[in-house]
Amino acid sequence: MRDTAHDHRKLGRELGLFDTDPLIGSGLPYWLPDGAAVRHALEEYIREAERKAGYRHVYSPVLGKRELYEISGHWSHYSDDMFPPMDLGAEQVVLRPSLCPHHAVIYRSRSHSYRELPLRMAELGGMYRSELSGVLGGLTRVRAIQLNDAHIFCTLDQVADEAAAALEMIRRAYEALGITPARYRLSLPGPGGKYVAAPGMWERSAALLTDVLDRSGLPYEAAEGEAAFYGPKIDVQVADGAGRESTLSTVQIDFHQPERFDLHYIGADGAKHRPVMVHRSVIGSVERAVAHLIERHGGAFPAWLAPTQLALLPVSEAQVPDAEAVARRCAELGLRAEVAGPERGTLGARVREARLVPYQAVIGAKEAADGHLAVRLRDGRRLAPRPADGFLAAVGALVAAHRTDLWDEEARQ
Ligand SMILES: [Zn+2]
């Protein structure tokens, strides 16, 4: 029941968040304005959380020469999931299947002292995967992916703390997003998989990640055959309404790519040393994260993510200018408000239409005269009419704090 009611594909279309068109192609969804508003709020949350945690952001191109992926190992271990290369004169370029090689090259472009480590490089960037059309649908299996990615270049001694800090970032993000992990998985190599050969490296990485998980106190299970081709990882699994699991967040330890790209830093001894790369993603791909949020919340997003945060409902035509003035004030405060006037139906019909909007503010003749709003919360609670400015400031504070509760009466008085 819940599975069909909260299918993100159905809801995404009904709510006008995203869609696909055969002319653009399957697995290549486009985002409508309301979906883009959700995505923008999510991306800004991530960038802010990363800035606060000491990450610096970069941009890198979605294309790279075939040689780049031959060095990284993607060409020999991952080419089944990559689009065919494009001929460009004497060269071949590839739509990238991951951001890691670009970040390794960016790291290598400057010399680094041990004093700069851990160096945390983040990017919300595009990557591509040649999924077969048979498995495409909605936002969960797509060919064009926007990944929340980061690579931490650090010493071996710093790996455990960096991995633990990444897990803590994931915990805080899930709290703000109102989502719960289904389980934590220690993903190890398994028989028959395509992995880089370096047995000592695999053991060392697995031991480090096991230690991080044990010290975190989080329950986890080990699973064979789920590692990345270059190393083991911690995967944070989420489940949909039908109990199907997918990976949203990951933390990975990589000794392979620093070797392949010959990365180094200058140590306190003045000599060259090899850094370790920690790959981590807090929300995984933006597409999969939004798909999960749609299903988890049934379209009733936390206020900070909601495409429309306030529905302004003038009782009659006479209050439309007052509602429009409140909407302008909202825009100045960075809040997303929409005026739904009498041309959209009776007040009751407009309240029903706005049922997924966190705050529904009714403006009658008395409210207009007093500069007040009579607010109904999405959960059915009603607030006594109150000055518009104070109310909007309170909503602004809840949104800025990425709170999942809609109102905190005691904190406002
Ligand atoms: Zn990576």
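Donors are N, O and S atoms within 2.8 Å of the metal. Keep that in mind for this tour of a predicted model.

**Stop 1: the zinc ion.** Select the zinc ion, then show Cys100, His151 and His279. These are its protein donors, through SG of Cys100, NE2 of His151 and ND1 of His279. They lie 2.0 to 2.3 Å from the ion. Along the chain, the donors follow the spacing C-x50-H-x127-H. The two histidines link distant parts of the chain, 128 residues apart. His151 sits in strand E8 (residues 144–154), and His279 in strand E15 (residues 276–281).

**Stop 2: the two histidines.** Buried or exposed: which describes His151? His151 is buried, because its relative accessibility is 0% and the cut-off for buried is under 20%. Now click His279. His279 has a relative accessible area of 2%, so this residue is buried too.

**Stop 3: from E15 to E12.** Stay on E15 and add strand E12 (residues 245–254). E12 and E15 pair in the antiparallel sense, over five bridges. Pick out Thr250: it stands opposite Ser281 in E15. Next, colour E12 by burial. Eight of its 10 residues are buried, so E12 is largely enclosed by the rest of the structure.

**Stop 4: E11 and the hairpin.** Select strand E11 (residues 233–239). E11 pairs with E12, also in the antiparallel sense, over seven bridges. Look at Lys233: it stands opposite Gln252 in E12. Then follow the chain from E11 into E12. Five residues separate the strands of this hairpin. End on Gly243 in the hairpin, which takes a positive phi near 85°.

Definitions and conventions: Residues are numbered from 1 along each chain as its sequence is written. This is a predicted model: local features need pLDDT of at least 70, side-chain atom pairs count only at pLDDT 80 or more; totals for chains, interfaces and linings use all residues. Side-chain values use heavy atoms; hydrogens and water are left out. Donors are N, O and S atoms within 2.8 Å of the metal (3.2 Å for Na, K and Ca); water is not among the atoms, so sites may look incomplete. Helices (H or I, at least four residues) and strands (E, at least two) are DSSP runs, numbered from the N terminus. Buried means under 20% relative accessible area, exposed over 50%, partly exposed in between (1.4 Å probe, protein chains only). Two strands pair if DSSP finds at least two bridges between them.
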